[in-house]
Amino acid sequence: MPHSKLQKIAYFSLILFLILEVVFAVIQHYQFPLDGDLANIVLPDPGYQKVLDDPFGWGVIWNDATYPATNRFFAHWFQMIYFKNVPLWLQAFVDPINSIYLACALAKTVIQFILVFVLGIAITSGRSWFSRDHLLASVLISPLFQTFGYNGYMGIIDPSITYTFFYAFASLLLFLFFLPFYKISFHGITTRMSRLQKLGLLLLTFVVPFHGPLNAAVILIVCPLVLIYVCWKNFNNWKGESWINGIWSAIKAIPSSMTFFFILISALSLYSFYIGRNNSENYWVEVSILERYAKLPLGVYYQFTQKLGLPLLLLFVLINSLLINRFGIQKKKLNNLLQWIGILSLIYLLLLPLGGYREYRPNIVRRDTIMPILLALFFYFGLSTYVILKSDLLKKGRFIAAICLFEIIFLVADAKVMEKNSCEKETLQELANSVESEVLLEKDCTVMSWRKIEEFDHSKNSAALLYYWGIMDSPKSFKHK
């Protein structure tokens, strides 16, 4: 068979694989129940209304106000806007109950695959989304996004739609902010940014620190260290006599866009941290800092010992690193990148207990709190694998076989569809059909809640949102028998 024909077959096979991944992801994400924070955020609850009325927390500064989510305006705003509109649009195609689950599935899938494709862009130094190289990088990354298989320990897209907006979507925005600076530093791309790109970066600079619980922390670790490192590197290349002139020249040699945006977003993140001290959610469970640090090693241990996925990913990162060092494949750049990932991950882990305590994360470390580390590992695995596959310095037969086996293990682990919301759907239909103003639920599953509802008053927000979506003809309160 001619080589060109084989290339075409390979190209369309990559496209077909990604299409099937997208379709299967929608089917999988469609199966999850609604979480207990959705109604409070979308309606919103009076407590969360405060953060929507005060996006940048001025009430904390002037009045020492304390309320939920003081520094997370955009996470709440994006989710509220989405769920006040998209389910209603989808009702042109499906019934009101299914429109909610379809809206959740579409949001999760879009966030998942934009993350996949953006990681692919970073791996291939900005090739077109439809280039063969970018498709290959995306195919390498895609199976790592687990919905059922290894999701509990390395999942990026959470079963809860609220957590998906607060963590995965927040991480996507953070990655988009860092992407152009990574391309400058790692790939040496020196093309001047257009005005539109600068405007997009400026918007992200104001959005990212106030979206989700992790972004400000990552920024305050990464941006100052990168600026210091680049300045130190420039200073070591200084050939003049005066060290004062050398320092000034080293500072001036930092790309102006990096200096401006990194300093601005760091200042905003510091401010976000300050107003975040008045987040009333941090006081729901009081656990001392020493107790939190004592729990940290156990959290790390559980993360790596309960399922095969994360240890296997680390094993292949190690194998790729050994091959890169042995054959000298972009050795210096990739080793520096891996060292940066290791150092920043360690600092992040050591600072993690300072972020507060939640009873549903008893050991501090969980897939959501370490999402920046997980995405960094996904990225380095994809990048190092891609670089080795494109290299001519080693025979790749065994390596290709090993990578195929690796990908198959992840695909097989996640090749399942578990219907977890059928009971909730039936209960919503029961509520829709009921003529009572207060309904006792027959079934024993959660309904837009984290646990069973014991008082009618506890369903007030859920009932109001179900009425808004047209699932109920009036806001009917409900509780479990």
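This is a short chat about aromatic pairs and one helix in a predicted model.

Visitor: How many aromatic pairs does a search of the whole structure find?
Guide: It finds 36. Take Trp-77 and Phe-78: their rings sit 5.3 Å apart centre to centre, with 65° between the planes, so the pair counts as edge-to-face, the cut-off for that being over 60.

Visitor: Are Trp-77 and Phe-78 buried or exposed?
Guide: Partly exposed: Trp-77 has a relative accessible area of 33%, and Phe-78 comes in at 25%.

Visitor: What about Phe-406 and Phe-410?
Guide: That pair is tilted, with 4.8 Å between centres and 50° between planes. Both residues belong to helix 18 (residues 397-413) and are four residues apart, which means about one helical turn separates them. In an α-helix, residues three or four places apart point the same way, because there are 3.6 residues a turn.

Visitor: And how accessible are those two?
Guide: Phe-406 is buried at 1% relative accessibility, and Phe-410 is buried at 0%.

Visitor: Back to Trp-77. Which cluster do ring pairs link Trp-77 into?
Guide: One that also takes in Phe-78, with other members including Phe-56, Trp-58, Phe-165 and Tyr-271.

Visitor: Which charged end sits over the ring of Tyr-101?
Guide: That of Lys-425, 5.4 Å from the ring centre.

Visitor: New topic: which residues of helix 20 are buried?
Guide: Within residues 460-468, they are Asn-461, Ser-462, Ala-463, Leu-465 and Leu-466. Their cover includes helix 2 (38-42), helix 19 (422-433) and strand 2 (477-480).

Visitor: What comes just after helix 20?
Guide: Gly-470 is there, with a positive phi of about 85°.

Technical notes
Residues numbered from 1 in each chain as written. Predicted model: local features only at pLDDT ≥ 70, side-chain atom pairs only at ≥ 80, totals over all residues. Heavy atoms only, no water. Buried < 20%, exposed > 50% of the residue type's maximum accessible area, 1.4 Å probe, protein only. Helix = DSSP H or I, 4+ residues; strand = E, 2+ residues; numbered from the N terminus. Contact = heavy atoms within 4.5 Å. Phe/Tyr/Trp six-rings, centres within 6.5 Å; stacked < 30°, edge-to-face > 60°. Lys NZ or Arg CZ within 6 Å of the ring centre and 35° of its normal.
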